[in-house]
Amino acid sequence: IYANLMPHDLARAALQGLLNRTGLPKDAVDYIVYGTVIQEVKTSNVAREAALGAGFSDKTPAHTVTMACISSNQAMTTAVGLIAAGQCDAVVAGGVEFMSDVPIRHSRKMRKTMLSLNKAKTLGARLSLLGSIRLAHLAPELPAVAEFSTAETMGHSADRLAAAFGVSRLEQDEFALRSHMLAKKAQDSGLLSDVISFKVPGKDIVSKDNGIRPSTMEQMAKLKPAFIKPHGTVTAANSSFLTDGASAVLIMSEEKALAMGYKPKAYLRDFVYVSQDPKDQLLLGPTYATPKVLEKSGLTLNDIDVFEFHEAFAGQIMANLKAMESDWFAQTYMGRKTKVGAPPMEKFNTWGGSLSLGHPFAATGCRLVTTVAHRLQKEGGQYGLVAACAAGGQGHAMVIEAYPQ
C-alpha cells in the first residue's frame with residue numbers, strides 16, 4: 001500500500017503526528033536525529049528531508065544514524081547525549097524503515113561500464129563499451145540480508161542459536177502465538193494508542209498494524225523450516241516479518257519540559273551498548289546488555305516491573321532467556337560468577353512484540369521505549385527495561401523510570 005511513497009514520507013508523518021499530539025511549537029526543537037537501516041539513495045540524510053517536509057524550522061539541524069535493528073535506540077541515546085552535554089534542551093528522535101521499495105543496484109560489472117561510458121570521450125570508445133555488455137551484466141544486486149562479516153543470514157544464525165540452547169520448534173511456535181494473541185488483545189483494548197493513522201495518497205487510510213494474526217499451533221506446525229532445511233526450527237510463523245514503519249519521540253531535559261508546561265511520561269535513566277562475536281553470538285545482545293545496564297543503574301532484575309525485548313525470532317528470544325538462566329554461560333562467556341536471571345513472563349512483552357507487530361528495522365526502538373512508558377503508567381510500575389539484539393553481533397539495553405504521576 002506504501003509502494004509509491006518514499007521513506008521520508010513515513011518519517012514526516014511520524015514527526016507531524018508527534019507535533020499534533022504534543023502541541024509542540026516547531027521552533028522549540030533544537031535538533032532532530034533519525035535512524036534508518038536500508039538507505040534510500042536520494043534521501044541519505046532522511047532526518048533532514050523528513051524534518052523539512054514536516055514543517056520544522058530550516059534552522060533546526062538534523063542527522064541520520066544507523067546501527068541495524070537498534071538504529072532508533074541510537075537516535076534516542078544520541079539525543080540524551082546532546083541534552084546531557086548542554087548542547088540542546090529539546091530533541092526529537094525517531095526511526096524509519098521502508099521495505100516496500102528498497103534500492104536495487106546494477107551489478108558491479110554494469111556499474112563499472114556505465115561509469116566508464118560517462119567518461120568516454122569519443123563515439124568509438126562509447127560503442128566499444130556498449131558492445132562489451134553481456135547478459136550477466138544485467139543481473140541486479142539486491143540489498144544483502146546476510147551478515148557482511150560472516151555471509152550468514154540472520155535467520156540461519158537464529159536457527160543455529162536455538163539449536164545450541166536446545167530451543168524446540170514447539171517452544172518457538174508457542175512463543176510466537178503468545179506474541180500474536182497478546183498484540184491482538186492490546187490492539188482490541190485500545191492500548192496501542194501510539195499508532196497514528198496515515199492517509200496514502202489516492203488509496204486508503206492505514207490506521208492499525210496489519211500483521212497481527214493469531215493462528216493455531218496446528219496451522220503453525222504445517223510450515224516448513226525457512227532457513228536450515230529440512231531439520232531447522234525457524235519458520236515464517238515464528239520470525240518477525242519485514243514491514244514499513246516510522247516512529248518519533250520527544251526527549252527534553254526535565255527543566256525544559258516543566259518550563260514548557262509538559263507532563264513527562266518517563267525518564268530515560270541509563271543505557272548501554274554491547275558487542276560480541278557476530279558468528280556464534282550474533283543475537284545474544286540482550287543477555288550481555290541486561291546485567292550491564294542494571295549494574296550501571298544500581299538495580300536488580302527484581303526491581304524491573306516491565307520488560308520489552310525486541311523479538312527478531314522466537315528462537316532468538318528463547319535462547320536469550322535460556323542464556324540468562326545459565327550459570328555455565330555466565331561463567332564461560334560473560335566473566336560472571338552467577339547467571340543473570342531471566343525476566344518473568346508475566347512482565348515480559350505483554351502487549352505483543354516484533355513477531356506480531358512487525359519489525360520496521362530502524363523504527364522498532366522507539367516503539368519499545370514508548371510501550372514501556374505506557375505500560376508503566378497503566379500498570380503502576382516504576383522501572384522498565386528495553387533490550388534488543390542487532391546485526392553485527394551488537395546489542396542495547398535501557399532502563400526507563402516512570403515519571404511520578
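In the UniProt record, an unreviewed entry, the feature "domain: Thiolase N-terminal" is listed for residues 3-255. In this predicted model, the chain over residues 3-255 is 38% helix and 11% strand, and the C-alpha atoms at the two ends of that stretch are 42 Å apart. The same kind of annotation continues further along the chain, where UniProt, again from an unreviewed entry, places "domain: Thiolase C-terminal" at residues 262-401. Over residues 262-401 the chain is 36% helix and 21% strand, with the end C-alpha atoms 17 Å apart.

The domain assignment of the protein draws its bounds in another way, giving domain 1 as residues 107-141 and domain 2 as the two segments 154-195 and 264-402. Taken over C-alpha atoms, the centres of domain 1 and domain 2 are separated by 48 Å.

Which residues does UniProt list under "active site"? The unreviewed entry names Cys69, His359 and Cys389. These residues span 321 residues in sequence, yet no two of their C-alpha atoms are more than 12.5 Å apart, so they gather at one spot. Of the three, Cys69 and His359 are included in the lining of the second largest pocket.

Cys69 can be taken as the starting point for a walk around this spot. Cys69 sits in the loop between β2, residues 62-65, and α3, residues 71-84, and with a relative accessible area of 8% it is buried, because a residue counts as buried when this value is under 20%. Once its neighbours within four places in sequence are left aside, Cys69 is in contact with His310, His359, Phe361, Cys389 and Ala390, and two of these partners, His359 and Cys389, are themselves listed by UniProt under "active site".

The loop between β2 and α3 also holds Ala68, for which the backbone deserves a look. The phi of Ala68 is near 55 degrees, a positive value in a residue other than glycine, and Ala68 is buried, with a relative accessible area of 16%. For context, most residues other than glycine have a negative phi.

His359 is placed in the loop between α13, residues 354-357, and α14, residues 364-379. With a relative accessible area of 3%, His359 is buried. Not counting residues up to four places away in sequence, His359 touches Cys69, Ser240, Phe241, Leu242, Thr243, His310, Ser354 and Thr364. His310 is thus a partner of His359 and appears among the contacts of Cys69 as well.

The helices that follow these two loops also meet. The axes of α3 and α14 come within 5 Å and cross at roughly 65 degrees, and that makes α3 roughly perpendicular to α14. On the side of α3 the meeting residues are Ser72, Asn73 and Met76, while α14 contributes Thr364, Gly365, Cys366 and Val369. Thr364 is therefore a residue to note twice, since it takes part in the meeting of the helices and is touched by His359, with nearby sequence neighbours not counted.

Another positive phi is found at Asn349, where the angle is near 45 degrees in a residue other than glycine. Asn349 lies in the loop between α12, residues 327-333, and α13, and at 0% relative accessibility it counts as buried. A backbone feature of another kind occurs at Lys229 and Pro230, which are joined by a cis peptide bond with omega at about 0 degrees. Pro230 is placed in the loop between α8, residues 217-221, and β6.

The strand β6, residues 245-252, leads on to Ser253, which lies in the loop between β6 and α9, residues 254-259. Ser253 counts as buried at 17% relative accessibility, and, leaving aside its neighbours within four places in sequence, it is in contact with Ile83 and Asp89.

The last stop is Ala51, which is found in helix α2, residues 46-53. At 3% relative accessibility Ala51 counts as buried, and it touches Leu15, Ile32 and Phe56 when residues up to four places away in sequence are not counted. The C-alpha atoms of Ala51 and Val33, which are 18 residues apart along the chain, are separated by 9.7 Å.

How values were computed:
Residues are numbered from 1 along each chain as its sequence is written. This is a predicted model: local features need pLDDT of at least 70, side-chain atom pairs count only at pLDDT 80 or more; totals for chains, interfaces and linings use all residues. Side-chain values use heavy atoms; hydrogens and water are left out. UniProt positions are given in the numbering used here, feature names are shortened, and annotations may be inferred rather than shown by experiment. Helices (H or I, at least four residues) and strands (E, at least two) are DSSP runs, numbered from the N terminus. On a 1 Å grid over the protein atoms alone, a cavity is a set of points where a 1.4 Å probe fits but cannot get out, and a pocket is an open set with protein on both sides within 12 Å along at least five of seven lines; lining residues have an atom within 4 Å of a point. Buried means under 20% relative accessible area, exposed over 50%, partly exposed in between (1.4 Å probe, protein chains only). Contact means heavy atoms within 4.5 Å. Domain bounds come from an automatic or database domain assignment. Axes are lines fitted to C-alpha atoms, for helices over the stretch in contact, and angles run from 0 to 180 degrees between N-to-C directions. Angles under 35 degrees count as roughly parallel, over 145 as roughly antiparallel, 65 to 115 as roughly perpendicular and the rest as oblique.
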